[in-house]
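Subject: Structure handover

Hi,

Here is the structure I said I would pass on. Have a look at it first, and my notes follow underneath.

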Amino acid sequence: MEKELKVAALRNGTVIDHIPSDKVFKVFAILNLEKCTNQITIGNNLESKRMQSKGIIKVSERFLEEAETNKIALIAPNAKINIIKDYEVTEKRPLTLPKEMREIVQCPNPSCITNHQPVATVFSVQNGDNTISLKCRYCEKELKPEDVKLK
Amino acid sequence: MSNKSLVSITDYDRDDILSILSSAAEFEKNPNRKILDGKVVATLFFEPSTRTRLSFETAVIRLGGSIIGFSDAATSSSAKGETLHDTIQMVGSYADAIVMRHYLEGAARYASEVSPVPVVNAGDGANQHPSQTLLDLYSILKTQKKLERLNICLVGDLKYGRTVHSLIMAMSHFDPTFKFIAPEELKMPDEYKVFCRKNNIPFTESDELAGNFDDADILYMTRVQKERFRDLMEYERVKNVYTLRNDMLSESKPNLRILHPLPRVTEINPDVDANEKAYYFQQAQNGLYVRQAIMNRLINK
Ligand SMILES: [Zn+2]
């Protein structure tokens, strides 16, 4: 299978699989991979049994920290993270949203201080019944994860 | 950062609120006490609000403290492009506390994080104005002799009116029942209804004012502003429907009191003013004692 082939091709690094196709580049951005000089393979619009169409990102020779991969939970909560060492999956990492997100999300409120002054954005993650929302520490406005704009 | 800052009403728990209210009662008995002797309070009003500024400044002066500051952004250093961070740092090195009003939401929270001295939020855009909420609570306590299990009717602009949102948060400690009366365009936002459900606070909604508050202990009126309406015809209709007149009070409870954060426009007909149930002018005066209690807590405790 194509997927196995790709995973097998990675010797050491991180594989992010089962990303919804329309979220692949958001995941790429949230992990700040534009600035990463390692080998990166991106596959998108791949066939998947579990979802309509999926994407996959493989970063070679880099083991993403939990704090980094947790950001993915915001935009692709069902993505699968595997850490590969010597061609083997050494860790299947569950996605859990961090309690607080610093400088990741932009506040959608045009009157918020963070959009006018050099102030780092801080959002706290609020867990409701079956829903999550983000609350701006400054203007105290809440937003849904699907409305999130990244910084 | 000073953890004594008062930015949002949710910074205070039930005990904090009750301690401010009992301290305010002491200041009402004797507002002239030199407990801030030698202290300097900065009032930084990046957006003008004469009513709020004079209330805070009187509170400080009656306690023997002194005032520095400015009353609008045009005369402040921010007009020259100085960041809020730098203004707060500078003022924080002169003053023992900062009272700040700003047109940007979250400005006070940020100031409290970078200030070496406590910050009181005297309004940050449409967000928070906690001293208003505390004086509302003080007025409720004073007129009802209790805060628990009251029937509170909120009327007018429930969508943008920050005072009603903060009042819901603050009253949530005291088992209230709410009625939200607003035109369709200005209905209570979902997040506050979700908050009520989560905290087991019963509420009902209506778009009809007349005859709808006969079981209320508190009738909290707010300003319905023209700018909020896309359709001016709708504004003209709503304006009249949401005007409280004296004849509408005939069936109300004897203990009912009418509150309004002031200034009012057309929401309360002047013929209500002489009714003993009208409490909005005393409410504004209560602001002085509550602000004395806040400044005392910030500087002396
Ligand atoms: Zn914000």
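Starting with the whole structure, a search over all chains turns up 24 salt bridges, where a salt bridge is a side-chain nitrogen of Lys or Arg within 4 Å of a carboxyl oxygen of Asp or Glu. Side chains of opposite charge can pair when their charged atoms come close.

Before the rest, some housekeeping. This is a predicted model, so local features need pLDDT of at least 70 and side-chain atom pairs count only at pLDDT 80 or more, while totals for chains, interfaces and linings use all residues. Residues are numbered from 1 along each chain as its sequence is written, chains are lettered from A and ligands numbered from 1 in the order in which they are written, and side-chain values use heavy atoms, with hydrogens and water left out.

**Chain B and its two domains**

One of those salt bridges joins B:Glu148 to B:Arg14, with the closest N and O atoms 2.9 Å apart. This pair ties together distant parts of the chain: B:Glu148 sits in the loop between helix 5 (130–144) and strand 5 (151–155) of chain B, B:Arg14 is in helix 1 of chain B, and 134 residues separate the two. (Helices, H or I with at least four residues, and strands, E with at least two, are DSSP runs numbered from the N terminus.)

The domain assignment splits chain B into domain 1 (9–128 + 287–300) and domain 2 (130–284); such bounds come from an automatic or database domain assignment. The centres of domain 1 and domain 2 of chain B, taken over C-alpha atoms, are 26 Å apart. In contact there (heavy atoms within 4.5 Å) are 28 residues of domain 1 of chain B and 22 residues of domain 2 of chain B.

Together these two domains of chain B bury about 2,000 Å², 63% of it from carbon and sulfur atoms. Buried area here is the accessible area (1.4 Å probe) that two parts lose on being put together, summed over both. B:Ile9, B:Arg14 and B:Leu21 supply 30% of what domain 1 of chain B buries against domain 2 of chain B, more than any other three residues.

Two salt bridges are counted between domain 1 and domain 2 of chain B. On the domain 1 side, the elements of chain B giving two or more residues are helix 1 (14–29), helix 2 (50–62), strand 4 (119–124) and helix 9 (280–300). Helix 1 of chain B gives the most, with eight residues. By class, that side has 14 nonpolar, seven polar and seven charged residues. For the classes, Ala, Val, Leu, Ile, Met, Phe, Trp, Tyr, Cys and Pro count as nonpolar, Asp, Glu, Lys and Arg as charged, and the others, Gly among them, as polar.

There is some backbone geometry to check too. Most residues other than glycine have a negative phi, and most peptide bonds are trans. B:Leu262, in the loop between strand 9 and helix 9 of chain B, has a positive phi of about 60°, and the peptide bond from B:Leu262 to B:Pro263 is cis, with omega near 0°. B:Asp175 also has a positive phi, of about 50°, and is found in the loop between helix 6 (162–171) and strand 6 (177–181) of chain B.

**Chain A and its two domains**

Chain A is assigned domain 1 (13–93) and domain 2 (100–150). Their centres in chain A, over C-alpha atoms, are 24 Å apart, and the contact takes five residues from domain 1 of chain A and seven residues from domain 2 of chain A. The two bury about 570 Å² between them, 82% of it on carbon and sulfur atoms. A:Lys26, A:Lys71 and A:Leu74 supply 75% of the area that domain 1 of chain A buries there, more than any other three residues. Zero salt bridges are found across this interface of chain A.

Chain A also has an open sheet of four strands in the order 6-8-9-10, with antiparallel pairing (two strands pair if DSSP finds at least two bridges between them). Strand 6 (100–102) and strand 10 (142–143) of chain A are its edges.

**Where A meets B**

Here, 14 residues of chain A are in contact with 15 residues of chain B. The two chains bury about 1,300 Å², 49% of it on carbon and sulfur atoms. A:Ile113, A:Tyr138 and A:Glu140 supply 40% of chain A's share, more than any other three residues. Three salt bridges are counted between chain A and chain B, and A:Glu140 meets B:Arg109 in a salt bridge (3.9 Å, N to O).

Cheers
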